[in-house]
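User: I am new to reading protein models and would like to go through this one slowly, with the terms explained as they come up.

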Amino acid sequence: MKIQMFIYPGMTLLDLVGPLQVWNSWPGAEIQIVAQSTGSIPTDSSLSVNANHSFDEAWSDPDILFVPGGTEGTFALLDNDDALTFLEQQGNNASWITSVCTGSIVLAAAGLLTGYKATSHWMAKDMLPAFGVEVAEGRWVIDRNRASGGGVTAGIDFGLALMAHISGDEKLAQQIQLRLEYSPNPPFTSGTPDEAGSEILTAATEHFNSKGTEIRAELMAGAIRRFQKLQKK
């Protein structure tokens, strides 16, 4: 099982680490951490991740292609034609095309989710239809050979679910869940917009909007124009 995990500056660390920790226990799995160039890649936290393969060195036919999400870093990626072209090419040969959080927006912009069901972080789901994606609800969504996880913490759920789906071995996934002692018991019930209530939802929405709404809109517009050109090929 060749798993290729694409990383980029400003991504959300847990989007990557959640499924990575699960898949690292997948018997026979080989994992590439790929970026545009090798070396230390900053995330949206104070911890960087080391990319051990560049685009030129990456497998051309991974079994699983994975893209994490983020906020500013992710939207900046929509203006990176080299990265989107790389993902488009990798996706053409990958057996599975997958993401967590706003990584699905990146895949969609690369033309890899058109005509598929997918999910994303709650604040970004409404961006998916612009790329011909059908929004689906759930912590993870599997549609044919596309799989997507919701926001950030959903990456663990997504990783376990996809492992069970591909391997056909739920007991393996359950064993790994136990090894990780993954039995969520959050101190608050505010993890979704419906659970959070209006006051918390408003504050969280304002936080995301403070991250440069106008810049994101411009980058989205550019990504949509690129996507439309892809559809005309």
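Analyst: Contact here means heavy atoms within 4.5 Å, and helices (H or I, at least four residues) and strands (E, at least two) are DSSP runs, numbered from the N terminus. This is a predicted model, in which local features need pLDDT of at least 70 and side-chain atom pairs count only at pLDDT 80 or more, while totals for chains, interfaces and linings use all residues. Residues are numbered from 1 along each chain as its sequence is written, and side-chain values use heavy atoms, with hydrogens and water left out.

User: At about what angle to β6 does helix α5 run?

Analyst: Axes are lines fitted to C-alpha atoms, for helices over the stretch in contact, and angles run from 0 to 180 degrees between N-to-C directions. Helix α5, residues 154-167, lies across β5, β6, β9 and β10. Its angle to β6 is about 160 degrees.

User: Which strands stand at the edges of the sheet?

Analyst: Two strands pair if DSSP finds at least two bridges between them. The open sheet has six strands in the order β2-β1-β5-β6-β10-β9, with mixed pairing. Each edge strand has a single partner strand, so one side of it is left without a neighbour in the sheet, and these strands are β2 and β9.

User: Which residues of helix α6 are buried?

Analyst: Buried means under 20% relative accessible area, exposed over 50%, and partly exposed in between (1.4 Å probe, protein chains only). The face of α6 turned away from its buried side carries the exposed residues E170, K171 and L178, whereas the cover over the buried residues includes α1 and α5. The buried residues of α6 are L172, A173 and I176.

User: Why are L172, A173 and I176 on the same side of α6?

Analyst: An α-helix has 3.6 residues a turn, so residues three or four places apart point the same way. The arc is that of the directions from the helix axis to the C-beta atoms. The buried residues of α6 lie on the same side because they cover an arc of only 95 degrees.

User: Is D157, which forms a salt bridge with R139, buried or exposed?

Analyst: A salt bridge is a side-chain nitrogen of Lys or Arg within 4 Å of a carboxyl oxygen of Asp or Glu, and the closest N and O atoms of R139 and D157 are 3.1 Å apart. R139 lies in the loop between β8 and β9, and D157 in helix α5, 18 residues apart. R139 is partly exposed at 38% relative accessible area, whereas D157, at 16% relative accessibility, counts as buried.
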